[in-house]
Amino acid sequence: MSAPRLRVVLCWHMHQPWYWDPFTERYELPWTYLHAIKDYVDMAAHLEAVPAARAVFNFTPTLLEQLNDYESRIGAALAHGTDIRDPLLDCLRAQRLPEEVEARLSLIRACLRANEQNLILRFPTFARLAELARRCLGAPVLCTYLNEQFMADLLVWYHLAWMGETVRSDVRLRRLIERDSGYTHADRMELLTVIGELIAGIIPRYRRLVASGQAELSVTPYAHPIAPLLIDLTSARDALPEIQLPASAAYPGGVERARWHIDKALLVFEHVFGYRPQGCWPAEGGVSAPLLAILEEFGFKWAATGQGVMGHSVARAGGESLQQCAYRVPGSSVACFHRDDGLSDRIGFTYAKWHADDAVNDLVAHLHNIRRNLHDPSTSVLPIVLDGENAWDTYPQNATYFLSALYRRLGADPELELSTFSDVLRFGVSVQPLPSLVAGSWIYGTFSTWIGEADKNRAWDWLVQAKQAVDEVFAVGALATDVRREVEQQLAICEGSDWFWWFGPLHARETVLEFDRLFRHQLLRLYQLIGVRAPDYLHQPLATGDSAAGAAVMLPAN
């Protein structure tokens with residue numbers, strides 16, 4: 001008789017915030033399409049390669065909409081020569097590259113935004129180009145001595161470096177890599193064609209993984225808001241009673257706004273994938289009892305959060321320790337899972353420095369140890385949840401060796417079973433009652449990453465004031481139905497969590513200023529749509545970051 005197996009759920013969160021600037025009418029940051037050609041294609045390919053493996057992929061609607069938009073824009077550019085409205089991709093398409101010093105400096109800065117060790121130094125030609133490019137940043141007059149060929153080669157190598165490991169076998173990419181330099185406009189157009197094909201193939205690949213039974217797809221509320229804070233700003237004090245809150249006492253109409261984000265998320269997801277998901281990874285794993293109640297209204301069967309949230313909740317209820325199970329709060333049918341922070345963070349922050357086999361051996365050993373100490377592994381679950389894109393930048397070869405070995409080992413292990421959240425519920429995972437839920441996120445089990453610091457609180461006050469202006473205009477009823485829908489959409493973008501993540505002293509000045517400008521532009525557009533004069537403060541930076549800090553897109557849970 002075989003030993004009972006511990007079910008392990010790998011949940012990869014795929015998210016990109018809204019990078020479209022409503023005033024410049026272009027994508028101000030390229031991360032959606034760059035992660036598409038590197039990470040979203042690789043993550044599908046690694047699972048496809050191991051039929052015995054299974055995983056959950058959580059997609060944010062803003063990512064799905066931007067992928068569809070890029071597919072459409074690149075297709076139109078290739079067919080009709082229209083602008084893509086993305087600076088780097090439009091340079092690939094352009095017959096001539098910029099000659100003005102400032103335009104060249106802007107292109108150079110963009111083409112240096114890559115992991116130094118794994119994306120630049122890995123390719124000797126790109127490394128030489130990058131070295132010269134940095135000299136130009138230090139002495140801009142040098143740009144006048146660069147020929148157009150240098151700019152073309154830098155641009156092409158930037159995109160070749162960002163390509164996923166699983167697509168490098170494409171004969172067109174192999175030819176471009178082997179050519180090494182001297183790239184022509186025809187080469188750039190061929191590269192743009194490959195990029196367009198990769199993006200167009202992403203959604204169909206994940207649909208096929210669902211159809212094969214290898215993947216479950218879940219969703220996040222539309223624009224990735226910290227929904228518990230929309231519902232109740234004071235929920236930040238559940239886990240941190242002394243946290244400094246914004247001057248505003250509450251976010252007006254927050255419950256209905258949370259419902260709007262969930263409803264819109266389901267509409268976008270169903271439009272893209274053709275069905276409604278069973279599960280939700282709320283933005284940043286941020287949960288509260290009122291949010292779970294709203295998720296239940298919309299038919300969700302499960303949600304997931306951080307270990308810290310459940311640890312705080314079990315401790316408050318007088319429990320001895322957190323169990324490897326799902327939990328339910330009174331009156332709710334939604335099962336709430338919690339990530340294993342230790343193992344998830346080992347993948348996100350530790351294993352990149354290890355040999356892939358050693359890393360997988362270590363992870364599997366931890367899983368076996370956990371299984372041995374469980375009373376009944378067959379009714380237990382261990383979720384590993386983390387970003388499906390940002391972690392891999394720090395791994396050699398985009399974590400190909402690690403992810404391939406991980407799926408192979410876990411897919412074949414006689415004591416472990418890769419599963420999905422819906423399936424573990426279907427097949428009898430233990431679901432324990434939880435007397436109350438301490439609101440919080442996957443980071444520290446609190447909301448302190450998005451509220452409580454001076455710049456973050458000021459951003460909340462700006463958002464509250466904008467929402468109050470919207471409510472006043474809506475109350476009059478003067479807006480046409482289509483304009484009102486556009487206002488609700490624009491408000492949703494302003495409510496996203498990513499603005500608050502970047503505000504404060506922990507992040508690099510350049511990145512903070514970019515997100516600060518985008519946030520202010522989104523608010524300015526909102527005021528423009530409702531016909532109300534925007535406050536003067538929106539024309540000055542809210543946050544400036546720290547010139548000595550790094551641009552951390554991920555943080556460990558503890």
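# Contacts, burial and helix packing in a predicted model

A search of the whole structure, which is a predicted model, finds 0 disulfides.

User: How far is the sulfur of Cys-111 from the closest cysteine sulfur, and in which residue is that sulfur?
Analyst: A disulfide needs two cysteine sulfur atoms within 2.5 Å. The sulfur of Cys-111 is too far from its closest partner for a bond. The distance is 7.8 Å, and the partner sulfur belongs to Cys-91.

User: How far is the nearest cysteine sulfur from that of Cys-143?
Analyst: Cys-143 is in no disulfide either. Its nearest cysteine sulfur is that of Cys-136. With the cut-off for a disulfide at 2.5 Å, the distance to compare is 4.4 Å.

User: Is Cys-143 buried or exposed?
Analyst: A residue under 20% relative accessible area counts as buried. Cys-143 has a relative accessibility of 1%, so this residue is buried.

User: Where does Tyr-158 lie?
Analyst: Tyr-158 has 0% relative accessibility and therefore counts as buried. In sequence, the residue falls within the stretch 148-162, which is helix 7.

User: Which cysteine does Tyr-158 touch, leaving out residues up to four places away in sequence?
Analyst: The residues touched by Tyr-158 include Trp-31, Leu-34, Leu-88 and Phe-126. They also include a run from Ala-110 to Ala-114. The cysteine in that run is buried, with a relative accessible area of 0%. It is Cys-111.

User: Which residue has its backbone oxygen 2.8 Å from a polar atom of the Tyr-158 side chain?
Analyst: Leu-112, Arg-113 and Ala-114 are among the residues that Tyr-158 touches. The backbone oxygen at 2.8 Å from the polar side-chain atom is that of Arg-113.

User: How far apart in space are Tyr-158 and Ala-492?
Analyst: In sequence, 334 residues separate Tyr-158 and Ala-492. From C-alpha to C-alpha, the distance in space is 33 Å.

User: Is Asp-455 buried or exposed?
Analyst: Asp-455 lies in helix 18, residues 454-476. Beyond its neighbours up to four places away in sequence, Asp-455 touches Phe-503, Gly-504, Leu-542 and Ala-543. At 17% relative accessibility, Asp-455 counts as buried.

User: With which side chain does the side chain of Tyr-537 make a polar contact?
Analyst: Tyr-537 is found in the segment after helix 21 and is partly exposed, at 26% relative accessible area. Leaving aside neighbours within four places in sequence, its contacts are Trp-462, Gln-465 and Tyr-527. The polar contact between side chains, at 2.3 Å, is with Gln-465.

User: At what angle do helix 1 and helix 16 pack?
Analyst: Two packed helices are described by the angle and the distance between their axes. For helix 1 (residues 31-48) and helix 16 (residues 400-412), the axes are 9 Å apart. Asp-42, Met-43, His-46 and Leu-47 of helix 1 meet Thr-400, Leu-403, Ser-404 and Tyr-407 of helix 16. Helix 1 passes helix 16 in a right-handed crossing, and the packing angle is about 35°.

User: How many nonpolar residues are in the contact of helix 2 with helix 9?
Analyst: The axes of helix 2 (residues 61-80) and helix 9 (residues 185-211) come within 9 Å and cross at roughly 145°, in a left-handed crossing. Residues in the contact include Leu-64, Leu-67 and Ile-74 of helix 2 and Met-189, Leu-192 and Ile-195 of helix 9. By class, the contact has 2 polar residues, 1 charged residue and, as the number asked for, nonpolar residues numbering 12.

Note on methods:
Residues are numbered from 1 along each chain as its sequence is written. This is a predicted model: local features need pLDDT of at least 70, side-chain atom pairs count only at pLDDT 80 or more; totals for chains, interfaces and linings use all residues. Side-chain values use heavy atoms; hydrogens and water are left out. Helices (H or I, at least four residues) and strands (E, at least two) are DSSP runs, numbered from the N terminus. Buried means under 20% relative accessible area, exposed over 50%, partly exposed in between (1.4 Å probe, protein chains only). Contact means heavy atoms within 4.5 Å. A polar contact is a pair of N or O atoms within 3.5 Å; within protein, one must be able to donate a hydrogen and the other to accept it, and residues adjacent in sequence count only if both atoms are side-chain atoms. Axes are lines fitted to C-alpha atoms, for helices over the stretch in contact, and angles run from 0 to 180 degrees between N-to-C directions. A crossing is left-handed if the near helix is turned anticlockwise from the far one by less than a right angle, and right-handed if clockwise. Ala, Val, Leu, Ile, Met, Phe, Trp, Tyr, Cys and Pro count as nonpolar, Asp, Glu, Lys and Arg as charged, and the others, Gly among them, as polar.
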